[in-house]
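User: I have a structure open and I am new to it. Can you teach me how to read its main features?

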Amino acid sequence: MAELHVGDVVTAKKFGPFEHNFGGELEKVYENSALVLIDDYNDADSMTVSEMNRRAVVKNGDIKVIKAAPVPEPDPDEKNADDAEDEKK
C-alpha cells in the first residue's frame, strides 16, 4: 500500500450508509485511517455526503491513491537553524 499524505486525491470503498464508492482529497492522515474531503460521489449518496458534511474517516486499507500530492523535501537550512536552537538550550 502506498503511503498516504495530506493533499492526495483518492478513491475509497463504500461503507456504512454509502451505496457507492466515492473520491476526494485527504485532509488528515491518522495511524490506521484518514479523513477524506468528499468531492466525487454518486448522486444516490448525495444525502449521506451532506449529512456527513462532505467528510468521512476511512480505513487506510480501503483507500486507493489516484494522484499523489507533492511531498516537500526538508530544507537543509531549516534543519541547521533547528540544531542551532537546540544547542542554545
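Analyst: We will go from the whole chain to single residues. Keep in mind that this is a predicted model.

User: How many helices and strands does the protein chain have?

Analyst: Two helices and five strands. Next, read them in sequence order: the pattern is β-β-β-α-β-β-α.

User: What share of the residues is buried?

Analyst: The chain has 89 residues, and 27% of them count as buried. Its accessible surface is about 6,500 Å². Carbon and sulfur atoms hold 48% of that surface.

User: And what do the contacts say about links across the sequence?

Analyst: Take the contacts between residues at least 6 apart in sequence. Of these, 48% join residues at least 24 apart.

User: Now a single strand. How do I read its two faces?

Analyst: Start with the general idea. Side chains in a regular strand alternate between the two faces of the sheet. Now look at strand 1, residues 9-12. Val 10 and Ala 12 form its covered face. Val 9 and Thr 11 form the uncovered one.

User: Which strands does strand 1 join through bridges?

Analyst: Strand 2, residues 22-29, is one partner; four bridges join the pair, and they run antiparallel. To place the pairing, find Thr 11, which stands opposite Gly 23 in strand 2. Strand 5, residues 63-67, is another partner, again antiparallel and with four bridges. Here Ala 12 of strand 1 stands opposite Ile 63.

User: Where is the largest nonpolar core, and which residues have the most contacts inside it?

Analyst: The core has 13 residues. Those with the most contacts inside it are Phe 22, Leu 26, Val 36, Ile 38, Val 58 and Ile 63. Strands 1, 2, 3 and 4 each supply at least two residues of this core. Strand 3, residues 33-40, gives the most, with three.

User: Let me follow one of those core residues. What is Ile 63 in contact with?

Analyst: Set aside neighbours within four places in sequence. Then Ile 63 is in contact with Leu 4, Val 10, Thr 11, Leu 26, Ala 34 and Val 58. Two of the names, Leu 26 and Val 58, also appeared in the list of core residues with the most contacts.

User: Is Val 57 buried, partly exposed or exposed, and why?

Analyst: Partly exposed, because its relative accessibility is 49% and exposed means over 50%. Val 57 lies in strand 4, residues 55-59. Beyond its neighbours within four places in sequence, Val 57 is in contact with Phe 15, Ser 33, Ala 34 and Leu 35. Ala 34 is also in contact with Ile 63. For a distance, try Val 29: its C-alpha atom is 9.4 Å from that of Val 57, and the two residues are 28 apart along the chain.

User: Last topic: backbone angles. What should I look for?

Analyst: Look at the sign of phi. Most residues other than glycine have a negative phi. Asn 53 has a positive one, near 55°. Arg 54 has a positive phi too, about 60°.

User: Where do Asn 53 and Arg 54 lie?

Analyst: Asn 53 is in the loop between helix 1, residues 46-51, and strand 4. Arg 54 is in the loop between helix 1 and strand 4 as well. Now check their accessibility. Asn 53 counts as exposed because its value is 55%. Arg 54 is at 40%, so it counts as partly exposed.

Key:
Residues numbered from 1 in each chain as written. Predicted model: local features only at pLDDT ≥ 70, side-chain atom pairs only at ≥ 80, totals over all residues. Heavy atoms only, no water. Buried < 20%, exposed > 50% of the residue type's maximum accessible area, 1.4 Å probe, protein only. Contact = heavy atoms within 4.5 Å. Pairing = 2+ DSSP bridges. Core = buried A, V, L, I, M, F, W, Y, C linked by side-chain atoms within 4.5 Å. Areas by Shrake-Rupley, 256 points an atom, 1.4 Å probe, with all protein chains shown as cover.
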